[in-house]
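Biologist: I would like to go through this model with you and ask how each description is earned. Shall we put it on the screen?

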Amino acid sequence: MGMERRIIRTTWGYDGNLEPLYEVEDKEDEISVTFDLPRVRKENVEINTTENTVEVIARMSDAVCWERWGSTQKRITFQALRKQIRLPEPIDPEKASASFKNGILRINLPKGRRKVFIPIE
Amino acid sequence: MEMEEVVRIVEEGVVHKNPIVIEGLPDVGLVGTIAASYIVEKMNYKEIGYIESDLFPPVMVVHGGELKNPLRIYGNEGGVVVLSEVAIPPSAIYPLTTALAEWVKEIGAKLVIPITGLPIENRMDISKPEVFAVGNSEEAVKELKDKQMELLEEGFIAGPHAIMLRECYKRELNAISLLAQCFPVYPDPGAAAAAIESLEKFLKLGIDVEELLEKGEEIKLKARDLMRQTALSAPEMQKGVEQDMPIMYR
């Protein structure tokens with residue numbers, strides 16, 4: 001809750017990174033995460049996962065420079081879209097796969113815990 | 001307090017009579033908002049008014065050093081565009097659409113066209129989104145059929161455009177929602193371009209969407225914050241119901 005309760009919650013940082021929009025979908029056997037990555041080419045996307053997190057760092061083809069906006073940020077340049085997400089349940093990082101199409105990155109993360117069949121007596 | 005007073009529509013320029021009114025309030029994929037701003041820019045529409053309400057977030061916007069309301073109305077003699085730079089709280093939808101319908105009735109609108117999106121799961125695999133339409137009266141549906149528009153035959157529609165259709169119907173105003181297949185929570189300039197192309201059947205603006213598609217990635221980056229705000233109010237807006245099957249059958 002810490003992050004959400006902060007008064008100022010920006011989607012950009014002074015470190016040159018913008019936060020991309022993303023969507024997490026909990027499917028039966030896997031967690032599917034998509035990221036909207038405009039201005040990004042497939043070869044410039046880096047994905048790192050652990051059992052509980054997935055991180056995307058995507059370098060943009062050209063840096064984005066926004067000027068004359070806000071008070072402190074008169075001129076600010078962004079080179080990459082970057083986001084780390086905490087996953088709703090543990091996944092198996094070795095079995096993860098990803099695809100990139102029309103600026104959308106889709107990562108499929110198979111769940112780590114095996115299902116146990118329960119017979120009905 | 002009268003319902004109409006909760007939301008105030010303030011005219012600030014020359015408002016021509018009998019226009020076609022385009023509504024592009026923030027909704028899925030920001031389709032209407034992106035389309036509406038592109039139309040305003042391309043048609044060089046002048047600012048002719050704004051909308052204020054205590055139900056909207058206490059936010060103003062500064063453009064070129066000038067203080068502005070985030071909900072504004074643009075237009076010329078043929079067309080009027082209503083747009084917003086902030087997400088509309090679900091509690092403001094009814095008073096806002098009621099006031100808007102009342103106002104478009106006063107200016108004698110010929111037709112009201114809310115532009116929005118129709119979220120689909122495989123949007124990333126579709127290069128050219130299809131546009132569906134919903135009319136609010138027999139006459140509107142006939143016009144859609146004459147213009148060979150694809151009709152949304154069954155289903156729920158939710159959000160500002162849905163209530164706008166109803167409020168216009170109550171005032172005997174023809175309204176047509178244009179819904180372009182879109183990403184639910186990502187800004188979708190491609191869907192906005194498809195919607196503008198369909199709009200051409202009703203309002204001959206002669207707008208080339210080439211630039212909108214070229215600048216698509218830039219727009220996506222800039223629209224992230226509004227998309228996020230809009231997505232946050234989507235559950236309360238019952239957007240999920242749009243994927244549901246209605247119980248009635250014939």
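Modeller: Gladly, and one definition will help us begin: a helix axis here is a line fitted to C-alpha atoms over the stretch in contact, and angles run from 0 to 180 degrees between N-to-C directions. Please keep in mind that this is a predicted model.

Biologist: Thanks! What angle and distance do you then get for helix H2 and helix H6 of chain B?

Modeller: H2 (residues 31–43) and H6 (residues 189–199) of chain B pack at about 60 degrees, and their axes are 8 Å apart.

Biologist: Why are H2(B) and H6(B) called oblique?

Modeller: Roughly parallel needs an angle under 35 degrees, roughly antiparallel one over 145, and roughly perpendicular 65 to 115. The angle of about 60 degrees is in none of those ranges, and H2(B) and H6(B) are therefore oblique to each other. The crossing of H2(B) past H6(B) is right-handed.

Biologist: Which residues make that contact?

Modeller: On H2(B) they are Val31(B), Ile34(B), Ala35(B), Tyr38(B) and Ile39(B), and these meet Pro189(B), Ala191(B), Ala192(B), Ala195(B) and Ile196(B) of H6(B). By class, this contact has 10 nonpolar residues, with no polar and no charged ones.

Biologist: Now to helix H3 of chain B: how do you know that its span is close to the expected one?

Modeller: H3(B), residues 93–106, has 14 residues. The expected span is 1.5 Å times one less than the number of residues, which gives 20 Å for this helix, and its first and last C-alpha atoms are 20 Å apart.

Biologist: And which residues of H3(B) are buried?

Modeller: To count as buried, a residue needs 20 or more other C-beta atoms within 10 Å of its own. In H3(B), Ile93(B), Leu96(B), Thr97(B), Thr98(B), Ala99(B), Leu100(B), Ala101(B), Trp103(B) and Val104(B) are buried. After H3(B) comes Gly108(B), with a positive phi near 70 degrees.

Biologist: What makes up chain A?

Modeller: One helix and eight strands, in the order α-β-β-β-β-β-β-β-β from the N terminus. Of its 121 residues, 19% count as buried.

Biologist: How many residues of chain B are in contact with chain A?

Modeller: 10 residues of chain B are in contact with 12 of chain A. Helices H8 (216–222) and H9 (224–233) of chain B are the elements giving two or more residues to that side, and H9(B) gives the most, with four. By class, the chain B side has five nonpolar, no polar and five charged residues.

How values were computed:
Residues numbered from 1 in each chain as written. Chains lettered and ligands numbered in written order. Predicted model: local features only at pLDDT ≥ 70, side-chain atom pairs only at ≥ 80, totals over all residues. Left-handed = near helix turned anticlockwise from the far one by under 90°. Contact = placed C-beta atoms within 7 Å. Nonpolar A, V, L, I, M, F, W, Y, C, P; charged D, E, K, R; others polar. Buried ≥ 20, exposed ≤ 12 C-beta atoms within 10 Å, placed from the backbone.
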